Amino acid sequence: MAKLDRLILVTADHHPLHKYFKELSEELGRRYGVPVEVRVEDYLFLIEHGDTDEYGMAWLPQLLARLDTGKIVRVLTKPVLDSLGNISKENDLRTSIENIEKAIAGG
């Protein structure tokens, strides 16, 4: 079973969701006792490890994690909206935790 080594937030200070994703990543970092590495506009990293569109282009912000095995996994690449189309911190935390736990378990 792998261990979570760190969370990696790829973002841009000027992005409207920057503060939201930063707070979310910090909360998850505290929950799992791991550091949060912030990368500013590292599109090459996201193209290699993050989520991309049909043209292979990445967007910001995205939250990923590195396991102690060196594997990079996607934690939250876009907000999970509620039934009214609003950003839901509860949904985003739940999805992030599920993705982290799945990665740790080797899934």
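These legends walk you through several close-up views of one predicted model.

The model is predicted, so local features are described only where pLDDT is at least 70 and side-chain atom pairs only at pLDDT 80 or more, while totals for chains, interfaces and linings use all residues. Residues are numbered from 1 along each chain as its sequence is written, and side-chain values use heavy atoms, with hydrogens and water left out.

**View 1. The largest nonpolar core has 21 residues.** A nonpolar core is a set of buried Ala, Val, Leu, Ile, Met, Phe, Trp, Tyr and Cys residues joined through side-chain atoms within 4.5 Å. Buried means under 20% relative accessible area, exposed means over 50%, and partly exposed lies in between, using a 1.4 Å probe and protein chains only. The members that touch the most other members are Leu4, Leu7, Phe21, Leu28, Leu63 and Val75. Two or more residues come from each of strand E1 (4–11), helix H1 (18–32), strand E3 (62–67), strand E4 (72–76) and helix H3 (89–105). Helices (H or I, at least four residues) and strands (E, at least two) are DSSP runs, numbered from the N terminus. Helix H3 is the biggest giver to this core, with five residues. Another core, of nine residues, lies apart from this one, and Leu46, Leu60, Leu64 and Ile72 are among its members.

**View 2. Helix H1 keeps its buried residues on one side.** Is the span of H1 in agreement with its 15 residues, or in disagreement? At 1.5 Å a residue they should span 21 Å, and the end C-alpha atoms are 21 Å apart, which agrees; the expected span is 1.5 Å times one less than the number of residues. The buried residues of H1 are His18, Tyr20, Phe21, Leu24, Ser25, Leu28 and Gly29. Because they cover an arc of only 165° around the axis, they sit on the same side of H1; the arc is that of the directions from the helix axis to the C-beta atoms. An α-helix has 3.6 residues a turn, so residues three or four places apart point the same way. Lys19 and Arg30 are exposed, on the face turned away from the buried side of H1. The cover over the buried residues includes E1, strand E2 (36–40), E3, E4 and H3. Just after the helix comes Gly33, with a positive phi of about 65°.

**View 3. Strand E3 pairs with both E1 and E4.** Two strands pair if DSSP finds at least two bridges between them. E1 and E3 run antiparallel and are joined by six bridges, with Leu7 standing opposite Ala65 in E3. E3 and E4 are also antiparallel, over four bridges, and Leu64 has Arg74 in E4 as its bridge partner. The hairpin of E3 and E4 has four residues between the strands, and there Gly70 takes a positive phi near 95°. Five of the six residues of E3 are buried, so this strand is largely enclosed by the rest of the structure.

**View 4. Gln62 in strand E3 is a buried residue.** What is the relative accessibility of Gln62? The value is 0%, so Gln62 counts as buried. The side chain of Gln62 reaches the backbone nitrogen of Asp51 at 2.8 Å and the backbone oxygen of Trp59 at 3.0 Å. Leaving aside neighbours within four places in sequence, Gln62 has contacts that include Ile8, Phe21, Leu46 and Leu76; contact means heavy atoms within 4.5 Å.

**View 5. Two loops hold a cis peptide bond and a positive phi.** Most residues other than glycine have a negative phi, and most peptide bonds are trans. The bond from Leu60 to Pro61 is cis, with omega near -15°, and Pro61 is in the loop between helix H2 (43–49) and E3. Glu41, in the loop between E2 and H2, has a positive phi near 50°. With a relative accessible area of 37%, Glu41 is partly exposed.

**View 6. Asn99 in helix H3 touches Arg74 and Val75.** That list does not count residues up to four places away in sequence. A polar atom of the Asn99 side chain lies 2.7 Å from the backbone oxygen of Val75. Asn99 is partly exposed, with a relative accessible area of 28%.

Notes. Polar contact = N/O pair within 3.5 Å; in protein donor to acceptor, adjacent residues only side chain to side chain.
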